[in-house]
Amino acid sequence: MPGYDVIVAGGSVSGLLAAREAAAGGLSVAVLEEDSEIGTPEHCGGLVSIAGIRNIGIVPDASAVENTKIARAKILSPSSGFEISAEKQKVMVLDRRAFDKQIAFQAQKLGAEIKVKCAMRSFSKKEDDGPTYIVKTSEGDLVCKYFVDARGVASIIARNREGVLQSAQYEVYAPWIERDTIEVAFDNQRYPGFFAWIIPTAQGSGKVGVAGRGINAASALQSYIDGKGKCSIVRKVYASIWVNGPMENLVSDRMIIVGDAAGQSKPTTAGGIYTCGMGGVLAGRAVAEAARKNDDRLLAQYEKDWRSMFGAEFEKMLLARKLLERLDNKAIDELFSAVPPEKIEEASASGDFDFHSAALAKILGAKSATRMAKALLGNEIRRLIDIS
Ligand SMILES: Cc1cc2nc3c(=O)[nH]c(=O)nc-3n(C[C@H](O)[C@H](O)[C@H](O)COP(=O)(O)OP(=O)(O)OC[C@H]3O[C@@H](n4cnc5c(N)ncnc54)[C@H](O)[C@@H]3O)c2cc1C
């Protein structure tokens with residue numbers, strides 16, 4: 001049976017980065033991807049902070065960058081809205097088809113072997129002194145010492161459906177898409193617990209999507225688009241997103257869970273390129289270190305490091321999510337009108353795209369917004385905003 005030090009199931013951002021780091025540490029690595037092409041089908045808006053991408057060790061190729069001109073975000077409630085500047089946030093829109101291939105290329109150059117159209121069917125532990133896992137795949141059986149599960153939301157769904165929302169995202173050509181403007185529209189009847197979005201890729205083209213709890217995402221998206229005006233839809237994609245935060249116990253024996261499979265996308269927006277990607281980077285490094293020192297206890301460092309980077313922020317985002325889930329449309333409208341322009345300006349100025357609970361706290365810190373948030377969350381609100 002062919003053997004590797006590390007087998008990674010899932011060839012997207014988190015799995016490929018785990019593979020890159022493990023291969024950089026001198027380990028033999030195979031990445032199994034069930035689809036026939038890395039990065040395809042793309043199921044991502046591609047919106048990410050430039051700082052986040054830098055932190056995961058990538059300077060995206062020109063072919064992977066779709067838009068660097070995002071200047072503002074329109075945040076809409078059912079009957080009002082405000083605009084925040086995105087200048088400080090420094091974000092870009094990636095083409096995940098090209099971006100994921102770029103990471104695959106990095107990983108391959110360091111010695112990792114990428115296998116597409118190769119689905120992992122099961123893995124089981126071997127109880128002798130040899131390689132620890134037998135991994136059954138559509139292309140035959142493999143063995144490895146360390147197994148990394150990077151299979152995305154599909155891997156979580158088998159264990160827990162509570163935090164799963166349905167989404168639809170279409171690539172759209174339309175005169176109402178402005179190259180420099182993101183749109184986020186809250187409406188808890190149409191998109192319970194989430195929102196509709198427009199992520200522009202160019203003037204007149206972008207990724208338009210919705211997600212929500214228990215909705216028919218396709219028809220919710222169609223009526224959002226119909227409400228906007230004339231357009232052509234050139235691609236449709238449907239996918240689940242996970243919004244309940246990280247799972248417990250991401251490491252057991254020599255099995256490590258990373259990325260969306262570990263619940264590492266943001267509970268507010270389900271954005272995961274950076275936070276899931278960082279999961280992959282930290283996991284790959286921990287595996288390399290554990291193998292180098294022949295000490296499996298070092299694998300636990302991965303989970304510790306990820307939680308110390310993102311744990312506190314994700315707790316706050318989970319609280320913001322709880323608040324959103326408790327608001328009806330009338331309350332969303334009231335909350336929006338309770339926020340004075342200077343608080344919006346403050347939020348724009350203090351913006352960090354990856355750690356956005358500080359901006360949220362600024363907005364909710366407006367007096368009457370605080371009153372409403374407190375009525376809905378009770379004293380828990382203190383964990384999100386500083387109430388004196
Ligand atoms: C509609 C939508 C829009 C999004 N927009 C954004 C955004 O704008 N910005 C952002 O940061 N994030 C966004 N995200 C989230 C982001 O796409 C994910 O968080 C990120 O891709 C997670 O990466 P991952 O590697 O953990 O998992 P995934 O990207 O889900 O990859 C898992 C991989 O595993 C493969 N796989 C699954 N099962 C098997 C198996 N048995 N054997 C082999 N391979 C398998 C899959 O084919 C897939 O390639 C969006 C998500 C959705 C659904």
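A residue is called buried here when its relative accessible area is under 20%, exposed when it is over 50%, and partly exposed in between, with a 1.4 Å probe and protein chains only. Helices (H or I, at least four residues) and strands (E, at least two) are DSSP runs that are numbered from the N terminus.

This is a predicted model, in which local features need pLDDT of at least 70 and side-chain atom pairs count only at pLDDT 80 or more, while totals for chains, interfaces and linings use all residues. Residues are numbered from 1 along each chain as its sequence is written, and side-chain values use heavy atoms, with hydrogens and water left out.

**The whole chain**

Begin with the full protein chain in view, coloured by secondary structure, where 11 helices and 18 strands can be found. Its radius of gyration, taken over C-alpha atoms, is 21 Å, close to the 21 Å from the globule rule (2.2 Å times the number of residues to the power 0.38) for 388 residues, so the chain is as compact as a globular protein of that length. Along the principal axes, the C-alpha atoms fill a box of roughly 65 × 50 × 35 Å. Of the 388 residues, 55% are buried. If contact is taken as heavy atoms within 4.5 Å, then 73% of the contacts between residues at least 6 apart in sequence join residues at least 24 apart.

**Helix H11 and its neighbours**

Next, select residues 367-377, which form helix H11, and show the side chains of its buried residues, Ala-369, Thr-370, Met-372, Ala-373 and Leu-377. Looking down the axis of H11, you will find these buried residues within an arc of 165 degrees, so they line one face of the helix; the arc is that of the directions from the helix axis to the C-beta atoms. Turn the view to the face that points away from the buried side, and the exposed residues Lys-367, Arg-371 and Ala-375 appear there.

To see what the buried residues of H11 pack against, add helix H7 (300-326), helix H8 (329-337) and helix H10 (357-364). Then move just past H11 to Gly-378, where phi is positive, at about 60 degrees.

Keep H10 selected and pick out its buried residues, which are Ser-357, Ala-359, Ala-361, Ile-363 and Leu-364. The cover over these residues includes strand E6 (81-85) and helix H9 (341-349), as well as H7, H8 and H11.

**Helix H4**

Move on to residues 153-157, helix H4, and select Ala-154 within this helix. Ala-154 counts as exposed because its relative accessibility is 59%. Add Asp-260 to the selection: the two residues are 106 apart in sequence, yet their C-alpha atoms are 8.6 Å apart in space.

**Backbone stops in the loops**

Most residues other than glycine have a negative phi, and most peptide bonds are trans. With that in mind, select Thr-40 and Pro-41, where the peptide bond from the former to the latter is cis, with omega near 0 degrees. Pro-41 sits in the loop between strand E2 (29-33) and strand E3 (47-49).

The next selection is Lys-117, in the loop between strand E8 (113-116) and strand E9 (120-125). Lys-117 has a positive phi, near 55 degrees, and counts as exposed at 52% relative accessibility.

Finish at Asn-294, in the loop that runs between helix H6 (273-293) and H7. Phi of Asn-294 is also positive, near 50 degrees, and this residue counts as exposed at 66% relative accessibility.
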